[in-house]
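Work through the exercises below with the sequence and the coordinates at hand. Each task is followed by a stepwise solution.

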Amino acid sequence: MALNARLDHRDPLVFDTHELGRRPGALQRLTRTVDAPSGDAALGLPGVIKVPSGAPVRLEIRLESVMEGVLVTGTARAVVEGECVRCLEPLERELETDFQEMFSYAETDNRGRAKAEPEDGDEEDEDRLFIEDGLIGLEPVLRDAVVLALPMQPVCRDDCPGLCSECGVRLADDPDHQHGAVDIRWAALQGLADSIQDSEKDDMSGAEAGVDEKQEK
């Protein structure tokens, strides 16, 4: 996008660069703890694993003035919550992720006014973030950094055995759990053996009945 959406200086993820100035090489270090956003701005993978809405996120930010704008380098720390994809148990772990993003000064026209949109054909501007009235918004940068740092298929532990495919019991709670089911490859042979045994029993019963009849006579 050419310009950030209208930024609100009261937003904890919006940072003011006025004190930094435009002298290349100037540095400013900031530490801030913010509440994790919710809804579409949630940090993480909704329904899988994420930073809970309102949970504290600690940010350590370095703002560096360069010729083109302000280079932002930072680290975010938070606790993420989710569900193990194998056993479906809730999980919680600490997350630390680094990020870096360049925020460019807005281009101006001949009268020194900021251009609202990039010129036609300027595809590079579509992926750039701009400084708006001395403000920068870190929400999209932080969200991308957290998503990239999270596992797509979180597990409570690397060797989680998951759930029993037959009854759904959590195998980690019952390592010796088993059902003793007959191997499907032998099921047909077992059925044939049973039918033969039943047939032999019938024949023996018939023979014994014949012997008994002769003895009675």
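**Exercise 1.** Which residues does Met 102 touch, not counting residues up to four places away in sequence?

*Solution.* The model is a predicted one.
- Step 1: locate the residue. Met 102 sits in strand E7, which spans residues 90–104.
- Step 2: list the partners. Met 102 touches Val 66, Glu 68, Gly 69, Val 70, Leu 71 and Leu 129, with residues up to four places away left out.
- Step 3: check one pair by backbone distance. The C-alpha atoms of Met 102 and Gly 69 are 7.1 Å apart, while 33 residues separate the two along the chain.
- Step 4: classify the exposure. The relative accessible area of Met 102 is 25%. Buried means under 20% and exposed means over 50%, so Met 102 is partly exposed.

**Exercise 2.** Is Ser 104 buried or exposed? Give its contacts too.

*Solution.*
- Step 1: place it. Ser 104 belongs to strand E7.
- Step 2: apply the cut-off. Its relative accessibility is 5%. The limit for buried is under 20%, so Ser 104 counts as buried.
- Step 3: name the neighbours. Beyond four places in sequence, Ser 104 touches Glu 68, Gly 69, Arg 128, Leu 129, Phe 130 and Ile 131.
- Step 4: compare the lists. Glu 68, Gly 69 and Leu 129 appear among the contacts of Met 102 and among those of Ser 104.

**Exercise 3.** Which residues of helix H1 are buried, and what covers them?

*Solution.*
- Step 1: pick them out. Helix H1 covers residues 139–149, and Val 141, Leu 142, Ala 145 and Val 146 are buried there.
- Step 2: look down the axis. The buried residues fall within an arc of 125°, so they line one face of H1.
- Step 3: find the cover. It includes strands E3 (44–45), E5 (56–65), E6 (69–83), E7 and E8 (129–130).

**Exercise 4.** Which residues do shared salt-bridge partners join into one network?

*Solution.*
- Step 1: recall the principle. Side chains of opposite charge can pair when their charged atoms come close.
- Step 2: take one bridge. Glu 60 and Arg 77 form a salt bridge, with their closest N and O atoms 3.2 Å apart. This pair links distant parts of the chain: Glu 60 is in strand E5 and Arg 77 in strand E6, 17 residues apart.
- Step 3: take another. Arg 77 also bridges to Glu 96, at 3.1 Å between the closest N and O atoms. Here strand E6 holds Arg 77 and strand E7 holds Glu 96, 19 residues apart.
- Step 4: add the exposure. Glu 60 is partly exposed at 33%. Arg 77 is partly exposed at 31%. Glu 96 is exposed at 51%.
- Step 5: set another bridge beside these. Arg 170 and Asp 173 meet in a salt bridge of 2.9 Å, N to O. Arg 170 is partly exposed at 22%, whereas Asp 173 is exposed at 58%.
- Step 6: assemble the network. Bridges that share partners join Arg 58, Glu 60, Arg 77 and Glu 96. The structure holds eight salt bridges.

**Exercise 5.** How many helices and strands does the protein have, and in what pattern do they follow along the sequence?

*Solution.*
- Step 1: count. There are two helices and nine strands.
- Step 2: read the pattern. The order is β-β-β-β-β-β-β-β-β-α-α.
- Step 3: add the burial. Of 217 residues, 30% count as buried.
- Step 4: gauge contact range. Among contacts with a separation of 6 or more, 65% come from residues 24 or more positions apart.
- Step 5: finish with the surface. The accessible surface is about 14,700 Å², and 47% of it belongs to carbon and sulfur atoms.

Technical notes:
Residues numbered from 1 in each chain as written. Predicted model: local features only at pLDDT ≥ 70, side-chain atom pairs only at ≥ 80, totals over all residues. Heavy atoms only, no water. Helix = DSSP H or I, 4+ residues; strand = E, 2+ residues; numbered from the N terminus. Buried < 20%, exposed > 50% of the residue type's maximum accessible area, 1.4 Å probe, protein only. Contact = heavy atoms within 4.5 Å. Areas by Shrake-Rupley, 256 points an atom, 1.4 Å probe, with all protein chains shown as cover. Arc of directions from axis to C-beta. Salt bridge = Lys/Arg side-chain N within 4 Å of Asp/Glu carboxyl O.
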